[in-house]
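The exercises below are meant to be worked through with the sequence and the three-dimensional view side by side. Try each task before reading its solution.

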Amino acid sequence: METEARGAEGPGPAGRPRATTELDITAASLELFDRHGYDETTVDDIARAAGISRRTLFRYFPSKHDIVWGDFAAQVARFRAALHASPADEEPMQALRRCVVEFNDYGADAMPELRTRMRLITTVPALQGHAMLRHQEWCDAIADFVAERTGAAPTALLPTVVAQAALGVSTATFRVWIADGGDLLELLDDAFGLLADGFAANVAAG
């Protein structure tokens, strides 16, 4: 259950324009989550900081969880398309490695926001439970790709193991990046290089 808002709903802080886009609302929300904590920040807090009403906020985001995840479904759709557009002669695990790095290449300016998102997703219990549903979409995209390249069913052992292993590698890499810093894309490339080496003999180009 949410705690009470820290003040009455109304216009945003003095000097701050009313938010009218998802990006504005997301930026205001992540700032509050980072400063006060995810569980401690209410929908009313977010609406007030963004200078909008609760009703307007819910037009953009069905729930507080969805603010942290953003348009993840659209991102997964692009990831899936990139995997299936991989050249036929590209080793499947190398294609996965490349596509994962590209999937997380938001540009240098967006990395601080991505770090905040991922820190919340990997540490807040309420978001960790929600992550299982979101991550399954990502895993399904990988399993379908591996199945296509190997001739197996998407639910067969090999596609399922590769997809779940990829999720584990991705999660571990993000945890290292959040804790120690560094170049996220280089870390992902190195980590998925290890994964590719491990599965190279089993997932060969068709």
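Two residues are in contact when heavy atoms of theirs lie within 4.5 Å. The model used throughout is a predicted one.

**Exercise 1. Find the place of Thr 116 and list its contacts beyond its neighbours within four places in sequence.**

Solution. Begin with the position in the chain: Thr 116 belongs to helix H7, which covers residues 111–123. Next, consider its exposure, for which the cut-off is a relative accessible area under 20%; with a value of 16%, Thr 116 is therefore buried. Finally, once the neighbours within four places in sequence are set aside, Thr 116 is in contact with Leu 30 and Asp 34.

**Exercise 2. Determine which residues Arg 117 touches, not counting those up to four places away in sequence, and which backbone oxygen its side chain reaches.**

Solution. Arg 117 is also placed in helix H7, and its relative accessibility is 14%, so Arg 117 counts as buried. Leaving out residues up to four places away in sequence, Arg 117 touches Thr 26, Leu 30, Ile 67, Val 68, Trp 69 and Gly 70. For one of these, Trp 69, the chain separation is 48 residues, while the C-alpha atoms of Trp 69 and Arg 117 are 7.4 Å apart. The last step is to follow the side chain of Arg 117, which comes to 2.4 Å from the backbone oxygen of Val 68.

**Exercise 3. Decide whether Lys 64 is buried or exposed, and find the backbone oxygen that its side chain reaches.**

Solution. Locate Lys 64 in helix H4, and then take its relative accessibility of 10%, by which Lys 64 counts as buried. From there, the side chain of Lys 64 reaches the backbone oxygen of Thr 41 at a distance of 2.7 Å.

**Exercise 4. Explain why helix H2 is largely enclosed by the rest of the structure.**

Solution. Helix H2 runs over residues 43–50, and because seven of its eight residues are buried, the rest of the structure largely encloses it. The buried residues of H2 are Val 43, Asp 45, Ile 46, Ala 47, Arg 48, Ala 49 and Ala 50. As for what covers them, the cover includes helix H1 (22–36), helix H3 (54–60) and helix H4 (64–69). Directly after H2 comes Gly 51, which has a positive phi of about 75°.

**Exercise 5. Compare the expected span of helix H8 with the distance between its end C-alpha atoms, and find where the helix is kinked.**

Solution. Helix H8 has 26 residues, 125–150, and at 1.5 Å a residue it should span 38 Å; the end C-alpha atoms are 36 Å apart, which agrees with that expectation. There is nevertheless a kink in H8, of about 35° and centred on Ala 131. After H8 follows Gly 151, where phi is again positive, near 85°.

**Exercise 6. Describe the chain as a whole, giving its helices and strands and the share of buried residues.**

Solution. Counting the elements gives 10 helices and zero strands. Of the 206 residues in the chain, 43% are buried. Turning to the contacts with a separation of 6 or more, 73% of them join residues 24 or more positions apart. The chain exposes about 10,500 Å², and carbon and sulfur atoms supply 56% of that area. As a last step, look for disulfides: a search of the whole structure finds zero, while Cys 99 is buried at a relative accessible area of 1%, and Cys 139 is buried at 1%.

Terms used: Residues numbered from 1 in each chain as written. Predicted model: local features only at pLDDT ≥ 70, side-chain atom pairs only at ≥ 80, totals over all residues. Heavy atoms only, no water. Buried < 20%, exposed > 50% of the residue type's maximum accessible area, 1.4 Å probe, protein only. Helix = DSSP H or I, 4+ residues; strand = E, 2+ residues; numbered from the N terminus. Areas by Shrake-Rupley, 256 points an atom, 1.4 Å probe, with all protein chains shown as cover. Expected span 1.5 Å × (residues − 1). Bend = angle between axes of the 7 residues up to and from the residue. Polar contact = N/O pair within 3.5 Å; in protein donor to acceptor, adjacent residues only side chain to side chain. Disulfide = S-S within 2.5 Å.
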